[in-house]
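Q: Please take a close look at one part of this model, the packed interior and the strand that contributes most to it. Then follow that strand outward to its contacts at the surface.

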Amino acid sequence: MSLTATRARPLIAAILLGALAPATTLRADDIEPLSVAVIKATTGLCKRGETCHTDRAGSWTPKKAIAILAVSVAEQADIDLYADIEVSTRPEMYQCSGDDSRGCIFRAKYAGPGLVDYAATSGSTYVGSNITNTTITFPSGYGLMVQAGEPIYVHLDVRNGSLIDLQVDQDAWIYYVEAD
């Protein structure tokens with residue numbers, strides 16, 4: 001049997017893939033510990049048709065200096081809702097701009113499904129759903145530094161377009177390591 005180009009391709013691919021395998025196996029001892037802080041935030045009661053703006057809707061203060069490696073915010077709206085979320089060390093929302101962005105960590109906006117308007121005064125019909133996550137992860141070796149004792153806030157700006165009064169709860173997950 002001769003080695004043709006068709007028969008040689010799988011052999012060449014196997015050799016190349018074998019060369020890409022790591023020289024050593026990663027062990028649990030080789031992994032650096034990663035910490036997680038979950039900031040619980042809420043607007044409180046947001047009446048239907050209103051915009052509810054809440055600075056410092058939730059906060060967490062690290063006891064030691066940290067480097068933030070990633071942030072994740074769960075978008076959780078099955079109703080007609082628009083949410084603007086900011087995670088920062090700034091005491092109020094919308095203070096980050098241009099090169100004055102110290103303490104600005106994360107910002108996301110999301111909208112729930114649209115409300116089908118059929119002139120009803122009660123009940124509702126929604127089109128679709130929006131249950132996803134928005135995450136930012138920094139490149140290896142980089143992180144946003146936060147000093148010990150400096151609060152990290154979650155600010156919320158929510159427009160309740162639904163037919164009901166509701167409380168909007170929003171979690172922000174902060175993945176970090178302690179700074180040396």
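A: What follows starts with the whole chain, moves into the core, and then works outward along one strand.

This is a predicted model. The chain holds 1 helix and 11 strands. The helix comes first from the N terminus, and the strands follow, in the order α-β-β-β-β-β-β-β-β-β-β-β. Of the 180 residues, 32% count as buried. Sequence-distant pairing dominates the contact list. Among contacts between residues at least 6 apart in sequence, 79% join residues at least 24 apart. The chain exposes about 11,200 Å². Carbon and sulfur atoms supply 55% of that area.

Now the interior. In soluble globular proteins, nonpolar side chains tend to be buried together. Here, the largest nonpolar core has 27 residues. Six of them touch the most other members: Ile68, Val87, Ile105, Ile152, Val154 and Ile174. Several strands feed this core. β1, β3 (66–77), β4 (81–88), β5 (104–111), β10 (152–160) and β11 (166–178) each supply at least two residues. β11 gives the largest share, with 5 residues.

Ile68 shows how these parts meet. Leave aside its neighbours within four places in sequence. Ile68 is then in contact with Ile105, Ile152 and Ile174, among others. Those three also rank with Ile68 among the residues that touch the most other core members. Further contacts of Ile68 include Phe138, Tyr142, Gly143, Leu144 and Val146. Tyr175 and Tyr176 are on its contact list as well.

Next, Ser72. This residue sits in strand β3. At a relative accessible area of 10%, Ser72 is under the 20% limit and therefore counts as buried. Its side chain makes a polar contact with the side chain of Thr135, at 3.2 Å. Beyond residues up to four places away in sequence, Ser72 touches Asn133, Thr134 and Thr135. Ser72 also touches Asp171, Ala172, Trp173 and Tyr175. Tyr175 therefore appears on two lists, that of Ile68 and that of Ser72.

Two of the residues touched by Ser72 lead outward. One is Asp171. Its side chain meets that of Lys40 in a salt bridge, 3.2 Å from N to O. The pair spans distant parts of the chain: Lys40 is in strand β1, Asp171 is in strand β11, and 131 residues separate them. Lys40 is exposed, with a relative accessible area of 59%.

The other is Trp173. Together with Val36 and Val38, Trp173 forms a nonpolar patch on the surface. The three have about 230 Å² of accessible area together. Val36 belongs to strand β1, which covers residues 35–46. Its relative accessible area is 40%, so Val36 is partly exposed. A patch residue needs over 30%, so the 40% of Val36 clears that cut-off.

The bridge at Asp171 has company. A search of the whole structure finds 5 salt bridges. One of them pairs Arg107 with Asp84, with the closest N and O atoms 2.6 Å apart. Arg107 lies in strand β5 and Asp84 in strand β4, so the bridge ties together parts that are 23 residues apart in sequence. The two partners differ in cover: Asp84 is buried at 3% relative accessibility, while Arg107 is partly exposed at 41%.

Glu150 and Arg102 form another bridge, at 3.6 Å from N to O. Both ends sit in loops: Glu150 between β9 (144–146) and β10, Arg102 between β4 and β5, 48 residues apart. Here too, the ends differ in cover. Glu150 is buried, at 18%. Arg102 is exposed, at 59%.

Last, two backbone points to check. Most residues other than glycine have a negative phi. Arg56 has a positive phi of about 55° and is not a glycine. This residue is in strand β2, residues 51–60, and is partly exposed at 44%. Tyr94 also has a positive phi, near 70°. Tyr94 sits in the loop between β4 and β5 and is partly exposed, with a relative accessible area of 41%.

In short, β11 gives the core its largest share, 5 residues, and through Asp171 this strand is joined to Lys40 in β1.

Methods
Residues are numbered from 1 along each chain as its sequence is written. This is a predicted model: local features need pLDDT of at least 70, side-chain atom pairs count only at pLDDT 80 or more; totals for chains, interfaces and linings use all residues. Side-chain values use heavy atoms; hydrogens and water are left out. Patches are made of residues with over 30% relative accessible area and no salt bridge: like charges are joined within 9 Å, nonpolar side chains (Val, Leu, Ile, Met, Phe, Trp, Tyr) within 5 Å. Accessible areas come from the Shrake-Rupley method with a 1.4 Å probe; for residues, only the protein chains shown count as cover. A salt bridge is a side-chain nitrogen of Lys or Arg within 4 Å of a carboxyl oxygen of Asp or Glu. Helices (H or I, at least four residues) and strands (E, at least two) are DSSP runs, numbered from the N terminus. Buried means under 20% relative accessible area, exposed over 50%, partly exposed in between (1.4 Å probe, protein chains only). A nonpolar core is a set of buried Ala, Val, Leu, Ile, Met, Phe, Trp, Tyr and Cys residues joined through side-chain atoms within 4.5 Å. Contact means heavy atoms within 4.5 Å. A polar contact is a pair of N or O atoms within 3.5 Å; within protein, one must be able to donate a hydrogen and the other to accept it, and residues adjacent in sequence count only if both atoms are side-chain atoms.
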